[in-house]
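Work through the exercises below with the sequence and the model at hand. Each task is followed by its solution.

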Amino acid sequence: MDIDIFEEMKKYGVEQLIFNYDETSGLKAIISIHDTTIGPASGGCRMWNYESTDKAVIDAIRLSKGMTYKSAVSGCNFGGGKSVIIGDPKTDKSEALFRAFGRFVQTLNGRYYTGTDVGTTGKDFVYASQESDYLVGLPEEYGGSGDTAKPTAYGIFMGMKAAAKKVYGDESLKDLTIAVQGIGKVGSLLVDYLIEEGSKVIVTDLSEDSLLALKEKYASIKTVAPDEIYEQECDIFSPCALGSVINDETIPKLKCKIIAGSANNQLAEEDIHGEILHGKGILYAPDFVINAGGLIQVSDPLETGDINHDRVMAKTKNIYNILMDIFDLSEEKDIPTYKAANELAENRIEMIGQIKRKYVGR
Ligand code: NAD
């Protein structure tokens, strides 16, 4: 390995990194538990054909840190974790692979809850759940809370409204032009909300078939090639594909006033690119705040003991208010929005950590 694992753990503040290998199924998985001050770690499982183990480790670590902050700022009682399975989701999946993964999750005894992310589906975790009690977001027919993409897309939509209110003084997205990068599970549902609202929608995706299908559903949308999405004249750019898309190369191309999308780790380097966006007057809705709808959906049944979609949507709607607080703090202190969001998250972790120091008896 080219990286020093303990240096990376120190750099990102990771509590525990677990490597899992199963010879029978060929499973190679990494679980990163970032911080469990507020509660057990929670965060999805990504399956991706990583170029190297180093890249998979760094992805798991960065994503798990994002989950700590996401949970803290959105008011969920969970810490941050994430897992990655190294492999091609199109060709390398099997029942044995996900059951082996489930067994590894079970060994953590509730220190880590997981569910779907890029490259994994509810069906995969139906297999995993045969081996583990700590799977969340299973399909509804298997007693789970269902697809997390629904509340996630709703949270992005509400977050866009908060950003529009801050920038234009009006939360309506009607007639605003919104460029959506990635029309997978979240992006496609987001487009439904935007079309209903009367927005002008531009989309791109690596999948030509997805683009054609969406164009057939909504003739009014404009489709562009993946590398053309950054330079579109628009009010809001919405990254809903993968991370690190806000970087040195893409920022000069952007013509938007707002960035608000579902992808995790949108800023290639949080401190550098968050600062540049702030300087350019582009309002960035921090990814871990605006995309918390899915986490809210999987956390809610664990916190309340039952599944209630209306309550989940009501909690998700509150992303609007949380973002407003962040935008206001960013303005008041003249700091980038990601810093304001981190401040709110760190304050909550600190406060709850202090409260938990009290001995409450057995
Ligand atoms: P998905 O895999 O269903 O969709 C991603 C889409 O992006 C795919 O259609 C893919 O073809 C496309 N894509 C990939 N690279 C692209 C590129 N360079 N240009 C254009 N399109 C590209 O995933 P999803 O569940 O919709 O999640 C999207 C993003 O939101 C991910 O970053 C995910 O981590 C994040 N997220 C998802 C949830 C959730 O509940 N699903 C919750 C929080 C965050």
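**Exercise 1.** Which residue in the hairpin of β1 and β2 takes a positive phi?

Solution. Start with the strands: β1 covers residues 16–22 and β2 covers residues 27–35. Four residues lie between them in the hairpin. Gly26 takes the positive phi, near 80 degrees. The model that gives this angle is predicted.

**Exercise 2.** How many bridges join β1 to β2, and which residue in β2 is the bridge partner of Leu17?

Solution. The two strands run antiparallel, joined by seven bridges. Leu17 has Ser32 in β2 as its bridge partner.

**Exercise 3.** Place the hairpin in the whole chain and assess how compact the chain is.

Solution. First, count the elements: the protein chain has twelve strands and 13 helices. Next, compare radii: the chain's radius of gyration is 20 Å, and the globule rule gives 21 Å for 362 residues. The two values are close, so the chain is as compact as a globular protein of that length. Along the principal axes, the box filled by the C-alpha atoms is roughly 55 × 50 × 45 Å.

**Exercise 4.** Describe burial, contacts and surface in the protein chain.

Solution. Taking buried as under 20% relative accessible area, 55% of the 362 residues are buried. For contacts between residues at least 6 apart in sequence, 65% join residues at least 24 apart. The exposed area is about 16400 Å², with 49% of it supplied by carbon and sulfur atoms.

**Exercise 5.** How many side chains are positive and how many negative, and how far apart are the centres of the two sets?

Solution. The protein chain carries 39 positive and 55 negative side chains. The centres of these sets lie 3 Å apart.

Note on methods:
Residues are numbered from 1 along each chain as its sequence is written. This is a predicted model: local features need pLDDT of at least 70, side-chain atom pairs count only at pLDDT 80 or more; totals for chains, interfaces and linings use all residues. Side-chain values use heavy atoms; hydrogens and water are left out. The radius of gyration is taken over C-alpha atoms; the globule rule is 2.2 Å times the number of residues to the power 0.38. Buried means under 20% relative accessible area, exposed over 50%, partly exposed in between (1.4 Å probe, protein chains only). Contact means heavy atoms within 4.5 Å. Accessible areas come from the Shrake-Rupley method with a 1.4 Å probe; for residues, only the protein chains shown count as cover. Lys and Arg count as positive and Asp and Glu as negative; His and the chain ends are not counted. The place of a charge is taken as NZ of Lys, CZ of Arg, CG of Asp or CD of Glu. Two strands pair if DSSP finds at least two bridges between them.
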